[in-house]
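Got the model open in your viewer? Let's walk through it one selection at a time.

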Amino acid sequence: MSIKAPKGTKDILPSEINDWYKIENAAKEVFEKANFKEIRTPIFEDTCLFERGVGDTTDIVNKEMYTFIKSDRSLTLRPENTAGVVRAYLEHNFYRESPPVKFWYKGPMFRYERPQAGRQRQFHQVGIEMFGIQDASADAECIMLAVEFLNKLGLNDLIVEINSLGCPKCRQEYKDRLKKAIAPFLDGLCEDCKNRFEKNPLRILDCKNEECNRLFEKYNLKNTVSSIKLCAECDDHYKKLKKYLDILNVKYEENTFLVRGLDYYTKTVFEIKSNNLGSQNAVCGGGRYDGLVETLGGPHTPAVGWAMGMERLNSLIPNSETSKIDFFIVSDNQPEAVKLTYKLRNKGFSAEFDYNTRKFAKQLEKASKIARFAVILGEDEINNNYFTVKNLIDSQQTKMSFDELCELAKS
RNA sequence: GCGGGUGUCGCCAAGUGGUUAAGGCCUCGGAUUGUGGUUCCGAUAUUCGUGAGUUCGAACCUCAUCACCCGCCCCA
């Protein structure tokens with residue numbers, strides 16, 4: 001009663017577990033069909049992996065990390081998994097394999113934030129990462145897989161937004177042009193935006209402050225932003241991506257204000273949003289990160305990937321029911337009930353008996369709550385070597401042999 | 001880090017200053033010593049998140065505190 005789960009964490013209860021299996025099974029099926037292999041990395045890593053990988057101008061690294069010191073070593077509970085997967089990619093020399101190298105993962109992530117709807121301190125992500133392919137078909141495949149996965153879960157009314165941030169070459173120019181455009185009304189913007197102006201001007205586009213957005217409109221920032229040209233290579237990449245998406249029949253919206261909060265993205269970025277999530281409306285976020293492998297000490301390796309919040313997915317799909325067991329043994333002869341229970345379990349069925357040997361009506365009542373079939377095993381049944389089986393859904397009751405009983409449960 | 005809201009049984013709740021704190025669901029028992037999911041009866045909160053104060057009297061008023069939820073920021 002007094003010790004509770006820590007703030008921002010949740011127990012996943014038996015009544016919810018089928019929903020999680022549904023998501024995990026769909027992920028495995030969709031990703032492995034595209035030859036992505038599952039990888040499981042530690043939930044804590046050296047702190048510097050995230051400082052270097054995710055970027056020390058990001059909120060995630062600045063104020064949201066669960067960091068602890070053990071034996072003079074600074075460790076951090078992973079706030080996301082791309083850095084960890086890249087680390088594993090390098091540590092196990094996957095860059096020596098013929099590209100592409102494709103991974104998918106699922107698991108808990110940790111961010112120290114104030115919890116709210118759709119946001120926890122421990123939450124779960126599924127994600128994919130694809131290494132070694134520069135061509136936009138890789139970006140398109142990742143986005144396509146996200147959409148396919150969501151469709152598999154019955155989610156069809158989501159909005160895919162895409163944008164291109166350019167490469168380091170044209171990004172600098174982009175930043176300069178953006179700063180030049182914003183400078184005239186910088187004083188009118190919120191404190192956050194003023195801070196972002198020098199540190200990370202792209203993030204200003206992400207601001208949700210009403211006053212800021214009013215000024216963006218007044219000074220026609222959208223037009224300015226869309227008139228800023230990517231370099232020829234990046235522009236070509238972006239055009240190809242859109243072409244691939246068209247070929248794959250993936251509907252998308254271009255959002256020139258879409259900027260992701262992690263430093264490692266280059267060229268393609270995208271998000272998938274839902275209107276049914278409240279204020280934390282992104283289910284999926286990702287993009288290309290051509291510089292990250294090199295930043296973490298590996299050879300130059302282009303890469304793309306994304307992650308989805310599993311709790312957010314969960315809140316979008318209808319809850320499935322708790323599954324029932326196959327058989328409940330109703331009997332006042334406990335040794336016989338135990339024997340039959342184990343015999344059925346050995347055949348691969350789920351079965352239970354009444355541990356308290358309560359009266360018949362009570363046992364049947366229990367059976368109807370947790371099982372598909374009640375096997376009635378009374379004096380007459382035991383003496384004459386048969387079973388009375390009651391289908392608890394349609395109330396049909398029949399006498400049968402053990403083999404017939406097994407046959408019945410298989411259907 | 002900053003704003004707003006809510007705490008009455010395992011769950012959903014009524015009560016908003018006057019002796020024993022409605023009701024429903026779940027659970028358990030009985031009606032029904034071999035037939036459930038329908039019905040009927042019964043049981044289950046010395047106490048209203050916690051602590052202090054006001055009052056003859058507090059779940060209800062005041063203050064403090066804790067917990068949770070929602071929003072900002074940020075992200076999945």
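A word on classes before we start: Ala, Val, Leu, Ile, Met, Phe, Trp, Tyr, Cys and Pro count as nonpolar, Asp, Glu, Lys and Arg as charged, and the others, Gly among them, as polar. This is a predicted model, where local features need pLDDT of at least 70, side-chain atom pairs count only at pLDDT 80 or more, and totals for chains, interfaces and linings use all residues. Residues are numbered from 1 along each chain as its sequence is written, and chains are lettered from A and ligands numbered from 1 in the order in which they are written.

Start with RNA strand B. Select what is near it (C-beta, placed from the backbone, within 6 Å): 56 residues light up, with Lys 208, Gly 261, Gly 309, Gly 378 and Ser 395 the closest. That surface splits into 23 charged, 17 nonpolar and 16 polar residues. Now colour H14 (360-370), a helix (a DSSP run of H or I, at least four residues; strands are E, at least two, all numbered from the N terminus). H14 gives the most to this surface, 7 residues.

Next, show the sheet. Its 8 strands run S1-S5-S6-S11-S10-S9-S7-S8, open and with mixed pairing (pairing takes at least two DSSP bridges). At the edges sit S1 (37-38) and S8 (253-254), each paired on one side only.

Zoom in on S6 (122-131) and S11 (303-309): they are antiparallel over 7 bridges. Pick Gln 125 and you'll find its bridge partner in S11, Gly 309. Gly 309 is also among the residues closest to RNA strand B.
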